[in-house]
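Grab your favourite viewer and work through a few exercises with me. Try each task on your own before reading the solution beneath it.

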Amino acid sequence: MSELLRLDNVTAGYGDGIVLDDVSFSLKEGDSLALLGRNGVGKTTLLVTLMGFTRLHKGRLAWRGRDLGGMPTFRRAHAGLGWVPQERLMFPSLSVEEHLTSVARPGRWTLKTVYRVFPRLRERRANLGNQLSGGEQQMLAIGRALMVNPSLLLLDEPMEGLAPIIVQELVSVIRDLTTGTGMAVIVVEQHARLALALTRQAIILDRGRIVHRSDSASLAHDDRLLQRLVAVA
Ligand SMILES: Nc1ncnc2c1ncn2[C@@H]1O[C@H](COP(=O)(O)OP(=O)(O)OP(=O)(O)O)[C@@H](O)[C@H]1O
């Protein structure tokens, strides 16, 4: 597997404020990473830094060896970064189908394949963004990111606020996405054990710095570390 994404000593934040401090890691094509840590440690900031919404103070972001720094967000999406934001960001005046088709780029993910993964979106295809339940909005947010046909999917707390039955449904979809589609995935998730079960490797952030990295399976067995750095119940 060749390298997809590489961060070298990335220090980034909002304006002059620094949130991420000297963060380095790399991800190969098709690989999966859980990004864990307590509230406010910089997990979302790392994802939005990849999408180009923060100020890069120091370091380098590379995508398939090309410098990402300074590249506008829409070009990052075209290059293959698919972002599912924590807030889901639905448009109240667009239908489900319009949300999906408005961002479509050629590839294996089409209306047909997204509807196959999320049959509920097909049933709701004429509904407007503000007429959907939380679970349906999350499915639409993931479906919309897939329509871009990304090489890397960034999932920011995809299970947040969802009923257990919907969480189960999404877990099975995300598991299918992380195994065998060739797409790489980074999952930020408060439910650390869920994220670890879905990924191959894991990173824990604390106050903007990487304080632990390992494979997900061994971290899932380290209760003490998880309690100390992720506050797992
Ligand atoms: N738009 C913003 N402008 C300024 N500071 C911000 C902004 N967004 C987040 N921050 C600050 O950056 C720090 C890291 O926040 P971030 O949302 O990245 O953490 P997180 O680990 O994703 O936490 P959570 O699990 O609560 O979402 C926090 O101190 C937060 O207040």
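The exercises below concern a predicted model, and they go from the sheets to the core and then to the ligand.

**Exercise 1. The four-stranded sheet**

Task: Work out in which order the four strands of the antiparallel open sheet are arranged, and find its edge strands.

Solution:
- Begin with the pair β1 (residues 3–14) and β2 (residues 17–28), which are antiparallel and share eight bridges.
- Check the register of this pair: L5 stands opposite L27 in β2, and L7 stands opposite F25 in β2.
- Look at the turn of this hairpin, where two residues sit between the strands and G15 adopts a positive phi near 60°.
- Now go to the partner of β1 in β4 (residues 55–63); seven bridges join these antiparallel strands, and L7 stands opposite L61 in β4.
- Add β5, which pairs with β4 in the antiparallel sense through two bridges; here A62 stands opposite D67 in β5.
- Put the pairs together, and the order reads β2-β1-β4-β5.
- The edges are then β2 and β5 (66–67), each of which pairs on one side only.
- As a last step, place helix α1: it lies across β1, β2 and β4 and runs at about 70° to β2.

**Exercise 2. The six-stranded sheet**

Task: Explain why β6 and β10 each have one side without a neighbour in the sheet.

Solution:
- Write down the order of this open sheet, β6-β7-β8-β3-β9-β10, and note that its pairing is mixed.
- Read off the two ends: β6 (81–84) and β10 (209–215) are at the edges with a single partner strand each, so one side of each has no neighbour in the sheet.
- Include the twist, which averages 15° from one strand to the next.
- Zoom in on one edge: β6 pairs with β7 (residues 152–156) in the parallel sense, over four bridges.
- Within that pair, V84 stands opposite L155 in β7.

**Exercise 3. Buried or partly exposed?**

Task: Decide whether L154 and N127 are buried or partly exposed.

Solution:
- Locate L154 in strand β7.
- Count its surroundings: L154 has 23 C-beta neighbours inside 10 Å, and because the cut-off for buried is 20 or more, L154 counts as buried.
- List its contacts beyond four places in sequence: L47, L50, L81, G82, W83, V84 and I186.
- Take V84 from that list; its C-alpha atom is 5.9 Å from that of L154, although 70 residues separate the two in sequence.
- Move to N127, in the loop between α5 (119–123) and α6.
- Count again: N127 has 15 other C-beta atoms within 10 Å and is partly exposed.
- Setting aside neighbours within four places in sequence, N127 contacts S95, V96 and L132.
- For V96, the C-alpha separation from N127 is 5.9 Å, across 31 residues of chain.

**Exercise 4. Into the nonpolar core**

Task: Find which residues have the most contacts inside the largest nonpolar core, and which helix gives the largest share of this core.

Solution:
- Start from the size of this core, which is 64 residues.
- Pick out the residues with the most contacts inside it: L35, L154, I186 and V187.
- Trace the core to its largest contributor, helix α6 (residues 134–147), which supplies seven residues.
- Follow L35 as an example: apart from residues up to four places away in sequence, L35 touches K43, L46, I186, V187, V188, I203 and L205.
- Compare the two contact lists, and I186 turns up beside L35 and beside L154.

**Exercise 5. The shell around the ligand**

Task: Determine which residues surround the ligand and how the shell divides by class.

Solution:
- Collect the shell: Y14, V19, G37, N39, G40, V41, G42, K43, T44 and T45 surround the ligand.
- Sort these residues by class, which gives three nonpolar, six polar and one charged.
- Ask which element gives the largest share; helix α1 (residues 43–51) does, with three residues.
- Finally, link this shell to the core: K43 is part of the shell and is also touched by L35.

How values were computed. Residues numbered from 1 in each chain as written. Predicted model: local features only at pLDDT ≥ 70, side-chain atom pairs only at ≥ 80, totals over all residues. Core = buried A, V, L, I, M, F, W, Y, C linked by C-beta atoms within 7 Å. Buried ≥ 20, exposed ≤ 12 C-beta atoms within 10 Å, placed from the backbone. Contact = placed C-beta atoms within 7 Å. Near = placed C-beta within 6 Å. Nonpolar A, V, L, I, M, F, W, Y, C, P; charged D, E, K, R; others polar. Pairing = 2+ DSSP bridges. Axes fitted to C-alpha atoms, helices over the stretch in contact; angles between N-to-C directions.
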